[in-house]
Structures are given as structure tokens and as C-alpha cells.
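Biologist: Could you walk me through this model and show me how each label is earned? I am new to this, so please go step by step.

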Amino acid sequence: MSMTTKVCIVGASGKLGQYLVQHALDRGWEVVGVCRERSVPKLDRFADRITIVPGPTNDPDVIRRAAAGCDGVLTVLAPWGVQQYASGTAQAVLDHAAPDARLIFSCGWHITRDGQDSYSRRFLATVRLMTWLAKAVRAVEIDDQVEACRRIFASERRWTVVRGSDLEEGPSQGLPVWSRHVGDPVLASNLTRRVDFALFMIEALDDRLVHEAPAIVGRLSASALAHHQDPEGAR
Ligand SMILES: NC(=O)c1ccc[n+]([C@@H]2O[C@H](COP(=O)([O-])OP(=O)(O)OC[C@H]3O[C@@H](n4cnc5c(N)ncnc54)[C@H](OP(=O)(O)O)[C@@H]3O)[C@@H](O)[C@H]2O)c1
């Protein structure tokens with residue numbers, strides 16, 4: 001988006017959210033962050049530079065207030081939680097962001113848009129185990145992120161769903177490399193710096209990836225170095 005001046009970051013208090021806040025401030029943009037009331041202190045270091053709207057991210061009123069006047073809404077679809085938190089959050093953003101706003105969402109590789117992704121047996125086994133464990137302890141709702149993305153993919157809004165590989169901390173390696181499908185050799189390393197996941201979401205605010213669900217991997221990962229050719233970071 002060439003004219004971005006104000007963004008709303010939904011789920012700003014998490015690890016990915018805090019990186020999103022930092023990147024947006026680095027660009028001189030106005031930032032409105034949404035997070036649960038009890039998580040507000042996690043944003044203390046930004047408190048004098050951003051507006052915080054405390055509240056559940058799946059509350060339509062909270063999202064309506066926070067997203068008002070924003071050119072872009074960057075949403076962390078929570079990997080954890082109960083009570084349809086991810087799908088409720090996605091729905092609130094789809095319903096209440098400004099009509100022309102760019103909407104960028106985060107999720108994991110396990111989300112598939114067109115069924116053309118091909119996963120390793122190990123990856124599938126891990127997702128199955130996580131889903132089972134989640135149900136067993138009633139703490140994690142992996143299936144709800146699937147439902148959240150189903151609604152986004154069906155929407156006519158100007159969305160992009162960024163599908164993250166496994167993540168690690170560490171300094172930026174630059175803009176991740178992406179592919180439309182998991183299984184592409186370029187993605188094989190399955191590792192991205194969290195700071196660069198956030199960078200990719202920020203860069204996606206321009207119009208190039210509207211209605212795309214890029215799967216990303218670190219640009220200095222072995223598979224990216226071996227298979228990536230486009231110098232611009234997009235294939
Ligand atoms: N971790 C990975 O390896 C990985 C891999 C691929 C993709 N991703 C994607 O990356 C994004 C960020 O994930 P992350 O693992 O890095 O975590 P994160 O950035 O720390 O984000 C976790 C988010 O979930 C919220 N949350 C946690 N527990 C909650 C609860 N009980 N009720 C409501 N909200 C709750 C947090 O809000 P509070 O601050 O209020 O707790 C925070 O906004 C997600 O979209 C995830 O699907 C992660």
C-alpha cells in the first residue's frame with residue numbers, strides 16, 4: 001500500500017504482534033494495537049507511541065473502534081485459546097474494518113487454501129498430534145484457525161493470509177521467500193525468523209498479494225538459498 005499512514009494491529013501483545021508494532025513505528029505510521037486487557041502491560045515500552053484498545057479481539061465493538069480510519073489491519077490469528085477466538089477475531093475484522101482497508105492475517109503452514117499443498121509425513125503427524133493434545137487439554141483450538149481462514153478465503157475483502165513456517169527468534173535476515181504451495185522445494189527448510197514473518201506481513205500491505213495465501217520461509221534458510229531465484233523475494 002503506497003499510502004499507508006495508519007494501521008491497526010490485532011493481537012499486538014504477542015511475540016509476532018510486538019514485532020509488527022515495531023516495524024510499523026519504524027515506518028513512521030500511526031499504530032492502534034488491540035489486545036486482551038490483561039496483556040496491555042506487555043506493550044509498556046510502546047505505550048507513549050501507540051494507541052491501545054484493550055479488549056477481546058473477537059469483540060466486534062472493540063474491532064470497530066480500533067480499526068476506524070486505518071488503511072491496513074494486521075491480525076495475528078491466535079494459535080491458542082478456546083471459544084472460537086481465531087474465527088471470531090477474523091469475522092470481526094472482516095465485518096468492521098474500513099471497506100478499502102488491506103487486511104493481512106497470520107497463520108501456519110497447516111492452513112491450505114486450494115488443497116494443493118503437499119506436506120511431509122512428519123509435518124502431518126505433528127499437526128495431528130497437536131490437534132489431539134489440544135483437544136485433550138482443551139487449551140488449543142487448531143481447528144478454529146482453519147475455520148477462521150475458511151471465512152477469510154470466502155470473503156471479497158482485500159485480504160492476504162500469510163502462512164508461517166516454524167519460527168525462531170534472532171535478528172532479521174530480510175524479507176522471507178514465499179511460494180503458493182507447501183511442498184515447493186524452496187520452502188523445505190521450514191524455518192523463519194519471527195521478526196521477518198512480521199516484516200513480510202508489513203510488506204504485504206501493498207497490493208501485490210491481494211487474495212493470495214503465501215507460505216513463507218527465511219530468505220537465508222538452506223532451501224531458500226538453494227532454490228530461490230527472484231531477487232525481489234517474490235516468486
Ligand atoms: N509458533 C510457531 O512456530 C508458528 C509457526 C507457524 C505459524 N505461526 C503463527 O504465528 C502467529 C503468532 O504465533 P506465535 O506462536 O508466534 O505466538 P504469539 O506471537 O506470541 O501470539 C500468540 C497470540 O495469541 C494470543 N493468545 C494466547 N493465549 C490466548 C488465550 N487463551 N485467549 C486469547 N488469546 C490468546 C496472544 O494474546 P495475549 O498477548 O493476550 O496472550 C497473542 O496475541 C500465529 O498466527 C501462528 O499461527 C506460529
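Modeller: Happy to! A residue is called buried if 20 or more other C-beta atoms lie within 10 Å of its own. By that rule, buried residues make up 44% of the 235 residues in this chain. Keep in mind that this is a predicted model.

Biologist: What makes the chain as compact as a globular protein of its length?

Modeller: The chain has 7 helices and 10 strands. Its radius of gyration is 17 Å, and the globule rule gives 18 Å for 235 residues; the two values are close, so the chain counts as compact as a globular protein of that length. Along its principal axes, the C-alpha trace spans about 45 × 45 × 35 Å.

Biologist: Which residues have the most contacts inside the largest nonpolar core?

Modeller: They are Cys8, Ile9, Leu20, Val73, Val93, Phe105 and Met201, in a core of 65 residues. Helix α6 (residues 194-203) gives this core its largest share, 7 residues.

Biologist: How do you know that Val73 is in contact with residues beyond its neighbours in sequence?

Modeller: The test for a contact is C-beta atoms within 7 Å. Leaving aside neighbours within four places in sequence, Val73 meets it with Cys8, Val10, Ala67, Val93, Ala97, Ala101 and Leu103.

Biologist: And which residues are closest to the ligand?

Modeller: Of the 24 residues that surround the ligand, the closest are Gly11, Ser13, Gly14, Ser39 and Gly164. Glycine counts as polar here, and the whole shell divides into 10 nonpolar, 9 polar and 5 charged residues. Both α1 (15-26) and β5 (102-108) supply at least two residues of the shell.

Technical notes:
Residues numbered from 1 in each chain as written. Predicted model: local features only at pLDDT ≥ 70, side-chain atom pairs only at ≥ 80, totals over all residues. Near = placed C-beta within 6 Å. Helix = DSSP H or I, 4+ residues; strand = E, 2+ residues; numbered from the N terminus. Rg over C-alpha atoms; globule rule 2.2 N^0.38 Å. Buried ≥ 20, exposed ≤ 12 C-beta atoms within 10 Å, placed from the backbone. Core = buried A, V, L, I, M, F, W, Y, C linked by C-beta atoms within 7 Å. Contact = placed C-beta atoms within 7 Å.
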